[in-house]
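Me: I am new to this structure and would like to learn how to read its features one at a time. Where do we begin?

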Protein chains: 2
Amino acid sequence: MVSTTGDALPPSAPFGLKPDLMLTVAEARGRIIRTFSPLPTEQVPILDALGRVLAEDIVAGNDVPPFDNSAMDGYAVRAIDVATAREDSPVMLAILGELPAGVTTEQPVEPNTCYRILTGAPLPPRADSIVPYELTDGVAFGGWHGPEVAAEIASQRAVRIFRAVEPDDNVRHAGEDQRKDEVVLGRGVLIRPAEVTVLASLGRTSVGVVQRPKVAILSTGDEVIEIDQPLKAGLIRNSNSYALAALVRWYGGEAIMLGIAADTVESLRTHLLGGQRADMIITTGGVSMGDYDVVKNILAQEGSVSFWSIDMRPGKPVAFGTLDGVAFIGLPGNPVSTMVGFEILVRPAMLKLAGHSRLEKTAIRARAAHRISNRSGRENYMRVVVRQDGDEWVACLTGEQGSGIITSMHLANGLVVVPKNKTCIEKNELADVIMLDWPSMQ
Amino acid sequence: MVSTTGDALPPSAPFGLKPDLMLTVAEARGRIIRTFSPLPTEQVPILDALGRVLAEDIVAGNDVPPFDNSAMDGYAVRAIDVATAREDSPVMLAILGELPAGVTTEQPVEPNTCYRILTGAPLPPRADSIVPYELTDGVAFGGWHGPEVAAEIASQRAVRIFRAVEPDDNVRHAGEDQRKDEVVLGRGVLIRPAEVTVLASLGRTSVGVVQRPKVAILSTGDEVIEIDQPLKAGLIRNSNSYALAALVRWYGGEAIMLGIAADTVESLRTHLLGGQRADMIITTGGVSMGDYDVVKNILAQEGSVSFWSIDMRPGKPVAFGTLDGVAFIGLPGNPVSTMVGFEILVRPAMLKLAGHSRLEKTAIRARAAHRISNRSGRENYMRVVVRQDGDEWVACLTGEQGSGIITSMHLANGLVVVPKNKTCIEKNELADVIMLDWPSMQ
């Protein structure tokens with residue numbers, strides 16, 4: 001869903017009109033994010049809602065728990081009846097019956113009576129507290145016992161209470177977790193296992209969530225071949241489409257693979273047709289300064305361009321605009337540029353489509369294990385391994401940082417952000433690191 | 001896959017044999033984890049391998065990149081030919097032709113010649129470096145241009161070079177990312193988008209991963225009803241099965257729902273039959289001290305019991321053993337005890353089945369926003385909200401910590417661990433917090 005207001009140039013603007021327009025990363029990301037709005041809602045079974053964003057307010061239809069119930073195995077009493085109970089002067093109560101979980105009674109607890117009660121069972125009328133069986137001479141619950149013990153328990157008609165309790169002791173009150181008619185989960189909440197549990201406790205079998213973003217992915221370049229084709233001289237495999245599809249899936253979207261377009265306007269146009277049913281089109285390659293970089297050209301001629309260059313490394317040449325009404329992000333063809341560009345620029349947009357409100361990954365402050373220099377003059381996102389060292393985080397570069405070094409992403413669990421005008425982070429200096437995942441995930 | 005050695009009591013051991021056996025959390029977790037081994041391997045398409053664990057060493061079948069190639073648009077030269085080039089005394093080279101990406105030539109660069117070359121194109125024979133076009137008087141690449149510019153570029157037969165380059169300048173070398181015959185990804189690696197990209201770059205369309213653990217889930221209790229059934233007095237909805245199924249899925253397993261068993265040995269036995277094809281059976285309820293807690297009884301009589309009590313809160317009554325050769329974990333029936341028990345005791349076992357080597361979630365040191373008291377005398381896992389405050393993490397309790405308060409899990413993103421013998425964490429004291437997710441995911 002692309003907004004029609006905003007920063008895009010008119011469709012016919014020639015591509016070269018703003019050659020000096022080089023946005024900061026924050027400006028570019030902000031411009032991309034502003035273009036998108038959350039997708040419509042769909043109903044899904046609650047287990048399929050995991051990882052999705054709630055699209056409705058969930059109001060409790062009943063109290064949870066639905067009734068006052070016992071938090072212990074013991075005896076349901078009126079606290080006033082056992083107020084004087086002590087080890088050396090117990091109070092004797094008559095047992096009116098037994099209440100396992102799931103069993104209710106309408107016969108109230110009268111003065112000097114009680115019910116034997118099990119965890120989770122509803123409190124009988126007029127009982128206000130539970131005396132755990134350990135504080136009584138009642139037959140011990142639990143353990144493995146045969147029919148003879150059951151018979152003994154059933155035959156017990158009275159119990160001695162050795163300690164006083166206060167009203168409400170060991171009672172779980174109706175609604176203490178969730179109260180009828182209250183909003184328990186608000187729209188916009190991320191659905192994790194805990195939220196599924198809340199939904200189930202309210203009797204919801206399905207729930208409204210924001211649709212998954214559909215992201216169309218196209219690789220470009222005459223030199224690019226499908227990954228299962230034999231390598232020939234000068235050709236490279238299309239790892240970029242898989243990088244992007246994996247990232248789209250990893251962050252909860254649905255990838256639509258459009259294949260590989262040759263470096264001609266015709267091939268590009270044909271392949272892009274499949275992107276019309278997507279919420280976003282991402283291409284790789286064809287956006288830098290080469291003669292054969294037709295992606296930027298088709299965008300400038302047939303779509304609209306918002307920007308095509310970011311003061312960022314890796315990933316300076318990034319084209320953003322719309323084509324036939326679909327948002328279009330053209331990432332550079334180097335694999336690391338593609339992946340980092342996705343993390344920094346595409347992921348937040350995709351999350352916004354999916355209804356998330358917090359679009360950034362968690363960033364931490366980590367101590368540099370060694371000097372990290374930035375000769376790029378741009379905001380530099382370098383691949384690091386972060387580990388825990390006592391109460392601190394320590395970051396190490398993964399080695400060679402060239403934008404073709406795919407393994408630098410494999411080795412990394414974070415991206416250290418080196419500001420544009422900072423030529424280095426000194427050893428032991430604290431730096432911002434965007435966490436891709438966490439040490440425990442290694 | 002349950003090991004036959006280890007800590008389990010003989011199948012016939014009566015349940016009450018070790019009434020004083022109360023393991024620490026670490027002992028119980030260790031005993032559970034030791035029982036499991038990684039599952040067998042299966043081949044899956046690389047995109048479906050996301051989140052799974054690699055079950056084979058991945059050896060590079062070719063160098064990546066497969067050939068020396070240009071990192072820039074410019075001219076492929078012999079550095080020696082342009083060693084004297086300066087702004088005021090350029091070197092003139094003859095242009096032998098043009099090399100877009102994907103095009104190779106066998107005609108070498110002879111002295112005082114060059115090729116026009118584009119990013120990603122293979123270096124022609126004998127060229128050792130690239131001069132970016134900005135350091136030449138070559139027609140500028142890039143931007144949108146029509147056929148007349150293309151014609152001008154094609155007509156250019158020589159180029160002036162204004163600056164010297166060193167050998168290897170702006171060259172990406174074959175194998176600088178991945179070298180033929182080297183192990184690029186080792187077995188045991190978690191497959192994230194970066195690893196999918198590496199696999200694609202090596203031409204792998206499918207890959208061997210450890211199978212997903214199948215976890216059977218059974219809820220027990222006469223008072224428990226399916227979530228879509230009408231609530232009646234004394235009954236509660238089966239949110240536990242959904243809690244567990246959601247957790248199993250969240251952490252990469254496959255949940256097998258066995259429904260709800262009544263508190264009879266017959267019902268339990270019937271429902272447990274479906275668990276025979278699982279790698280692990282989890283039940284909720286039926287493991288505490290109540291007379292109707294038949295789960296522990298069936299385990300003691302018909303299976304083997306390793307332990308049935310942990311010095312932990314919430315979740316003290318946890319039964320662990322085997323039943324018909326399948327590992328069996330009986331969690332308590334309170335929803336929070338079930339969820340926390342899963343996170344602390346079941347998740348690491350499931351991850352080990354799935355082939356992971358690091359089984360713990362990341363724990364951080366967070367400052368307590370207020371006093372957190374632990375009157376339980378047990379290792380207490382309390383629900384907290386962790387937020388970032390400058391370089392620090394700060395933890396706040398989510399409110400009521402009763403084991404029936406499902407919403408305490410909804411509000412939490414971490415579990416603060418209060419040691420057994422520590423009666424409180426003071427305000428501003430640092431405490432260990434196991435992160436369930438991260439602030440950015442709120």
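**Reading helices, sheets and the interface**

Reply: We begin with a helix pair in this predicted model. In chain B, α4(B) packs against helix α7 (residues 335-353) at an angle of about 20°, and their axes are 10 Å apart. With that angle, α4(B) is roughly parallel to α7(B), because angles under 35 degrees count as such.

Me: Which numbers describe two packed helices in general?

Reply: The angle between the axes and the distance between the axes. The handedness can be added here: α4(B) passes α7(B) in a right-handed crossing.

Me: Which residues of α4(B) and α7(B) meet?

Reply: From α4(B) come B:S239, B:N240, B:A243, B:L244 and B:L247, and from α7(B) come B:P335, B:T338, B:M339 and B:F342. By class, this contact of α4(B) with α7(B) has six nonpolar residues, three polar ones and no charged ones.

Me: At what angle do α4(A) and α7(A) cross?

Reply: They cross at roughly 30°, and their axes come within 10 Å. α4(A) and α7(A) are therefore roughly parallel to each other. Their crossing is right-handed. On the α4(A) side the contact is made by A:S239, A:N240, A:A243, A:L244, A:L247 and A:V248, and on the α7(A) side by A:P335, A:T338, A:M339, A:F342 and A:M350. Eight of the residues in the contact of α4(A) with α7(A) are nonpolar, three are polar and none is charged.

Me: Now a sheet. In what order do the six strands of the open sheet in chain B stand?

Reply: The order is β15-β12-β16-β20-β19-β17, with mixed pairing. β15 (254-261) and β17 (304-307) of chain B are at the edges; each has a single partner strand, so one side of each is left without a neighbour in the sheet. From one strand to the next, the twist averages 25°.

Me: In which sense, parallel or antiparallel, do β16 and β20 of chain B pair?

Reply: Strand β16 (residues 280-284) and strand β20 (residues 326-331) of chain B pair in the parallel sense, over four bridges. Within this pair, B:I281 stands opposite B:F328 in β20(B).

Me: Which strands of chain B does helix α4 lie across?

Reply: Helix α4 (residues 239-250) of chain B lies across β12 (214-220), β15 and β16, and runs at about 165° to β12(B). Helix α5 (residues 265-272) of chain B packs on the sheet as well, touching β12, β15, β16 and β19 (319-323). The direction of α5 makes about 160° with that of β15(B).

Me: A residue can also be followed from strand to strand. What are the bridge partners of A:R367 in β27(A) and in β24(A)?

Reply: In β27(A) the partner is A:L430, and in β24(A) the partner is A:V394. Strand β21 (residues 363-368) and strand β27 (residues 430-435) of chain A pair in the antiparallel sense over five bridges. With strand β24 (residues 392-397) of chain A, β21(A) pairs in the parallel sense over two bridges.

Me: How many residues of chain A and of chain B are in contact with the other chain?

Reply: 94 residues of chain A are in contact with 95 residues of chain B. Elements of chain A that each supply at least two residues to its side include α3 (193-201), α6 (294-302) and α8 (407-411). That side of chain A has 47 nonpolar, 27 polar and 20 charged residues.

Key. Residues are numbered from 1 along each chain as its sequence is written. Chains are lettered from A and ligands numbered from 1 in the order in which they are written. This is a predicted model: local features need pLDDT of at least 70, side-chain atom pairs count only at pLDDT 80 or more; totals for chains, interfaces and linings use all residues. Two strands pair if DSSP finds at least two bridges between them. Axes are lines fitted to C-alpha atoms, for helices over the stretch in contact, and angles run from 0 to 180 degrees between N-to-C directions. Two residues are in contact if their C-beta atoms, placed from the backbone, lie within 7 Å. Ala, Val, Leu, Ile, Met, Phe, Trp, Tyr, Cys and Pro count as nonpolar, Asp, Glu, Lys and Arg as charged, and the others, Gly among them, as polar. Angles under 35 degrees count as roughly parallel, over 145 as roughly antiparallel, 65 to 115 as roughly perpendicular and the rest as oblique. A crossing is left-handed if the near helix is turned anticlockwise from the far one by less than a right angle, and right-handed if clockwise.
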